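Biologist: I am new to this one, so could you walk me through it and tell me how each label is earned?

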Amino acid sequence: MSKFIDTIKKLLEDVSLYEDLLMMDKGEIRAGIELIDTGETATLILDHKASAVEGLANPDFKVSMNSQTFWKITQRKADAFALAGRARPDEARPMEFEIYSKERSKEVWETIKALLANFFTPGKIKIKSLHPELAGQAHGAHPIPLVYWNGLRCSWLLVKTGEILNKEGEKDPWPQMFIILEGKGKAIIGNEEFEIRPKTAIYIPRNCVH
């Protein structure tokens, strides 16, 4: 058995406490994982229990990356969710997704988000490091996504001096909350412009430009 498959099975063991978060209520989902430079593949079978087999076994979707990215994730030197995050679907990122079961796309995307938050975070207890060098690039800043569920999104964000988060003005169909940990700047929420300061929380209504 290859080191790749051994590692996939170890990640599956590590996710045992969080296994219920990977399962959909509407039956089995199969997630293919491919290392594009070595050609190694595996399939996660997510049903009442989670299991893994070598090769692509009729997956509903596929996650692709190179082997360097995969090993950096497993060694906690990279954050899978940060590597996968993008501002637009057509952006090229180190982790790519291909959906095969188009009729189940909603369930598939929820499964993908659950895998990024749990399966691809090594360790029995899921702990994320919030360091700038692990952050991705999206929306003009540097996020580490934490939880993306239907109706709930939570990320850690670094906005460097001179950068503008959501420069074009973004609307989202879910409410959001920003907690300012440190730094200062200006925010625009709807038609309001105001100063932001540390140790404050900002609530953003759904479908509101921010």
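Biologist: How many aromatic pairs does the structure hold?

Modeller: Five aromatic pairs are found in it. Keep in mind that this is a predicted model.

Biologist: Why is the pair of Phe70 and Trp71 called edge-to-face?

Modeller: The ring centres of Phe70 and Trp71 are 4.9 Å apart, and rings pair if their centres lie within 6.5 Å. Their planes stand at 75 degrees, and over 60 counts as edge-to-face, so the name fits. These two residues also form one aromatic cluster with Phe4.

Biologist: How do you know that Phe70 is buried?

Modeller: Its relative accessible area is 0%, and buried means under 20%, so Phe70 qualifies.

Biologist: What makes the pair of Phe81 and Tyr148 tilted?

Modeller: Here the planes are at 55 degrees, which is neither under 30 nor over 60, so the pair is tilted. The centres of the Phe81 and Tyr148 rings are 5.2 Å apart. Both Phe81 and Tyr148 are buried.

Biologist: Why can this pair be said to tie together parts that are 67 residues apart in sequence?

Modeller: Because Phe81 belongs to helix α3 (residues 80–84), while Tyr148 belongs to strand β6 (residues 142–149).

Biologist: What lies over the face of Trp71?

Modeller: That is Lys3, at 4.5 Å from the ring centre. The cut-off for that distance is 6 Å.

Biologist: How do you know that the length of helix α1 (residues 3–14) agrees with what it should span?

Modeller: With 12 residues at 1.5 Å a residue, α1 should span 16 Å, and its end C-alpha atoms are 16 Å apart, so the two agree. Among the buried residues of α1 are Phe4, Ile8 and Leu12. The buried residues of this helix pack against β1, β2, β3, α2 and α4.

Biologist: Which residues have the most contacts inside the largest nonpolar core?

Modeller: Leu44, Met95 and Phe120 do, in a core of 40 residues. Helix α4 (residues 105–119) gives the largest share of this core, seven residues. Leaving aside neighbours within four places in sequence, Leu44 is in contact with residues including Ile8, Leu12, Leu115 and Phe119.

Biologist: Does Asn118 count as buried or exposed, and why?

Modeller: Asn118 has 6% relative accessibility, under the 20% limit, so it counts as buried. Asn118 has its place in helix α4. Not counting residues up to four places away in sequence, Asn118 touches Val15, Tyr18, Leu21, Leu22 and Lys126.

Conventions: Residues are numbered from 1 along each chain as its sequence is written. This is a predicted model: local features need pLDDT of at least 70, side-chain atom pairs count only at pLDDT 80 or more; totals for chains, interfaces and linings use all residues. Side-chain values use heavy atoms; hydrogens and water are left out. A nonpolar core is a set of buried Ala, Val, Leu, Ile, Met, Phe, Trp, Tyr and Cys residues joined through side-chain atoms within 4.5 Å. Buried means under 20% relative accessible area, exposed over 50%, partly exposed in between (1.4 Å probe, protein chains only). Helices (H or I, at least four residues) and strands (E, at least two) are DSSP runs, numbered from the N terminus. Contact means heavy atoms within 4.5 Å. Rings of Phe, Tyr and Trp (its six-membered ring) pair if their centres lie within 6.5 Å; planes under 30 degrees apart count as stacked, over 60 as edge-to-face and the rest as tilted. A charge sits over a ring if NZ of Lys or CZ of Arg is within 6 Å of the ring centre and within 35 degrees of the ring normal. The expected span of a helix is 1.5 Å times one less than its number of residues.
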